[in-house]
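User: I've got this model open and I keep running into labels such as buried, polar contact and cis. Can you walk me through what stands behind them?

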Amino acid sequence: MAMAGESSGKKCGDGDGRVAGKSQRKVGLIYDEAMCKHDTPDGEDHPECPDRIRVIWEKLQLAGVSQRCVLLGSSKAEDKHLQLVHTKDHVNLVKSISTKQKDYQRNRIASQLNSIYLNRGSSEAAYLAAGSVVKVAEKVAEGELDCGYAIVRPPGHHAEADEAMGFCLFNNIAVAASYLLNQRPDLGVKKILIVDWDVHHGNGTQKMFWEDPRVLFFSVHRHEYGSFYPAGDDGDYNMVGEGPGEGFNINVPWDQGRCGDADYLAAWDHILIPVAREFNPDIILLSAGFDAAIGDPLGGCRVTPYAYSVMLKKLMEFAHGKIVMALEGGYNLDSIAKSSLACVQVLLGDKQIHGSSEAYPFESTWRVIQAVRKRLCAYWPSLADELSWKLINQKTPTPIILISSSDSDNEDDAHGLLDQMSKLNIENHQGTLLENHQVDTASTSWRADLANVDVWYASFGSNMWKPRFLCYIQGGQVDGMKKTCVGSMDKSPPKEIVWETFPHRLFFGRESSVGWGVGGVAFTNPLANLIDQTHMCLYRITLEQFNDVLSQENGLNVDSDSPVFDLASLQLVENKGSILEAALNSWYGNVVCLGKEHDIPILTMTCTLSAVEKFKSGEIPLRPPAKAYANTLIRGLVEGGRFSKEEAEAYIDNAVSKPL
Ligand code: X5A
Ligand code: ZN
């Protein structure tokens, strides 16, 4: 099965690479076992593992699909081609990584880079990955192949001109694009569309063609206001390119995880496809990461093989079907193999595989799509029309997952609850599909219902400072905050404010936040323990207001047709134990019930138990709070009468410095 370079590359079809079936499209494939030699230095587990490309290759063989393709041997990239997008220093660094002289420096070099490991096999694999994408692209551009798929690793789209990062050494796709444009004018490729459907933003590719109007770069990715990898503003939809490249960079930044077929297809139908029609590329290069696939451990999205095949099929309408796929991320072996197979079947022109998409995009998806269209319509007139009200009302309310603390380890129970909740969601969902006036009734009626129920909202972070918390009720912005709050629909102040101490651990984590900038934010462990204490300020507000606070904490709109946390959710807390996770897949998406006071439930919002595990393992960083944020907490504790300034400072210091 293993192919070791050009010579052993088994060719299918007759001598000049034609395959038997006449109507069959000529699909090139490159796989080379040598790319499996890039691995962690001491055999530690890592999601970006050699088996990723093996399982894809095996899947294509077992399905009898690779046999219908043109198999090409891999090739190493030439330095002068790598230097079209990378600095000389970077190329030399990657080249020298595998030399014996570097044996003792490799780990140190890797540790200075962001999410990179290196071993003896890294240089060769990196050269083969880039060179193989160049090779497929060249053959497709020449017309020798109709399209192709380079099954390569290490991936490429995070690699920048002078920096390896995010598991990427060379930017394979960018090297290929630049090669076609700058080295092969004879092939007549003047306009390239790069589509990046990896769940992460293609920061490297974006930068390399930032001012280049010959390359239209489109990336759809989890962004969550800059908190998702590779964190920062680069993946924002305001990043449209500059100079002659202005308008030729399109980002679709999801606000939340859990995006699935409907969300991706909506981005295709309402952004990418109309723009591709206007741009009219000569060839399409696809940064085909499969980490938005359902089941991916890093992506948290749920795209099915069926949706990948539909997205690809839609792209094949352009550039006479000249498409070059290059593997990027994708860390669930089964998902990436199945998704790859579905794509190669599409490339071959097979009948569409069967499947159907789950109902509708999320509300936040429509919000993002509308923002992108608005930002880019000056450059792409087909984006100018407002999406119809009917269309954007077809949306799925953000789902809620409920897990009781006592059996959160028990899969079956968790699923039972999940089922219950998905039923509730279906009911809500159908509510939103009713006629116009009925929708209005639906959105106002949940508010009326929840306005009659009081809860205690227990705050342990900056919300302990009353003026800051009031921003979530009355709207506005106070000292230190980087963003204005819209406030609740019901602007009446809390009915009562009390302080209490709970046996939970306070800690600080995450690199930065939209609200406060660089530095960690406060969390409390959802599980109680006998040693630690979290001081909390309790505000008595309505369940309607609580929903609006929860939405704002998690970056959702407050004008939703359905509550994030409804009466059924509350009921489940009371009946089912103490922990309840409203899985919004954002930092404060976990609603925990801490008990009752005057028969009114005390609710707080913090991270999930699984996030606590990630903080403990270091997968998510623990980080001290920024000065402005810490000062806000201290101010809350002091002005609330809980502590003196010194005591408050000591309390925060203790939470920062004690290991989790
Ligand atoms: C290519 C790709 C992901 C890097 C994640 C680092 N990279 N935490 O998917
Ligand atoms: Zn990725």
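Analyst: Here is a run through the labels, one site at a time, starting with the chain as a whole. Keep in mind that this is a predicted model.

User: Fine. What makes up the chain, and how much of it is buried?

Analyst: There are 20 helices and 17 strands in the chain. Of its 660 residues, 59% are buried. The exposed surface comes to about 25800 Å², with 50% supplied by carbon and sulfur atoms. As for contacts between residues at least 6 apart in sequence, 75% join residues at least 24 apart.

User: Now the metal. What makes Asp198, His200 and Asp291 donors of the zinc ion (ligand 2)?

Analyst: Their distances. The OD entries of Asp198 (listed twice), ND1 of His200 and OD of Asp291 sit at 1.9 to 2.7 Å from the zinc ion. The cut-off for a donor here is 2.8 Å, so these atoms count. Along the chain the donors follow the spacing D-x1-H-x90-D.

User: Why is Asp198 called buried, and does the label for His200 rest on a value too, and if so which?

Analyst: Asp198 has a relative accessible area of 1%, and His200 is at 7%. Buried means under 20%, so both names earn the label.

User: Which residues are around ligand 1?

Analyst: The list is Ser115, Pro155, His157, His158, Gly166, Phe167, Asp198, His200, Tyr229, Asp291, Gly329 and Tyr331. Sorted by type, that shell has 4 nonpolar, 6 polar and 2 charged residues. Asp198, His200 and Asp291 turn up here as well as at the zinc ion.

User: How do you know that His200, Asp291 and Gly166 make polar contacts with ligand 1?

Analyst: Check each distance against the 3.5 Å limit for a pair of N or O atoms. An oxygen of ligand 1 is 3.1 Å from a side-chain N or O atom of His200, and an oxygen of ligand 1 is 3.0 Å from one in the side chain of Asp291. On the Gly166 side, a polar backbone atom is 3.1 Å from a nitrogen of ligand 1. These distances are within the limit, so they count as polar contacts. As for cover, ligand 1 alone exposes 310 Å², and the protein buries 88% of that.

User: What makes His535 buried, and which side chain does its own side chain touch through a polar contact?

Analyst: His535 is at 10% relative accessibility, and the limit is under 20%, so it's buried. Its side chain makes a polar contact with that of Thr501 at 3.2 Å. His535 sits in strand S15 (residues 534-542). Beyond its sequence neighbours, the residues in contact with His535 include Phe460, Met464, Leu637 and Tyr651.

User: And His81: why is it called buried, and what is it in contact with?

Analyst: His81 has a relative accessible area of 9%, under the 20% line, so buried it is. It belongs to helix H2 (residues 79-82). Leaving aside neighbours within four places in sequence, it's in contact with Val175, Tyr179 and Gln183. Next door in the element list, helix H3 (residues 88-96) has His90, Val91, Val94 and Ser96 buried, and the buried residues of H3 pack against H2 and helix H5 (122-142).

User: What are the omega values behind the cis labels at Pro154 and Pro230?

Analyst: From Arg153 to Pro154, omega is near 0°. From Tyr229 to Pro230, omega is near -10°. Pro154 is in the loop between strand S3 (147-150) and helix H6 (172-183), while Pro230 is in the loop between strand S5 (215-222) and strand S6 (249-254). Cis is worth flagging because most peptide bonds are trans.

User: Last one: Ala319 and His320 are in the loop between H9 and S8. Which of them is buried and which is exposed, and what is phi in each?

Analyst: Phi is near 55° for Ala319 and near 55° for His320. The positive sign gets a mention because most residues other than glycine have a negative phi. On accessibility, Ala319 is at 5%, under 20%, so it is buried. His320 is at 76%, over 50%, so it is exposed.

Note on methods
Residues are numbered from 1 along each chain as its sequence is written. Chains are lettered from A and ligands numbered from 1 in the order in which they are written. This is a predicted model: local features need pLDDT of at least 70, side-chain atom pairs count only at pLDDT 80 or more; totals for chains, interfaces and linings use all residues. Side-chain values use heavy atoms; hydrogens and water are left out. Donors are N, O and S atoms within 2.8 Å of the metal (3.2 Å for Na, K and Ca); water is not among the atoms, so sites may look incomplete. Buried means under 20% relative accessible area, exposed over 50%, partly exposed in between (1.4 Å probe, protein chains only). A residue is near a molecule or strand if one of its heavy atoms lies within 4 Å of it. A polar contact is a pair of N or O atoms within 3.5 Å; within protein, one must be able to donate a hydrogen and the other to accept it, and residues adjacent in sequence count only if both atoms are side-chain atoms. Accessible areas come from the Shrake-Rupley method with a 1.4 Å probe; for residues, only the protein chains shown count as cover. Ala, Val, Leu, Ile, Met, Phe, Trp, Tyr, Cys and Pro count as nonpolar, Asp, Glu, Lys and Arg as charged, and the others, Gly among them, as polar. Helices (H or I, at least four residues) and strands (E, at least two) are DSSP runs, numbered from the N terminus. Contact means heavy atoms within 4.5 Å.
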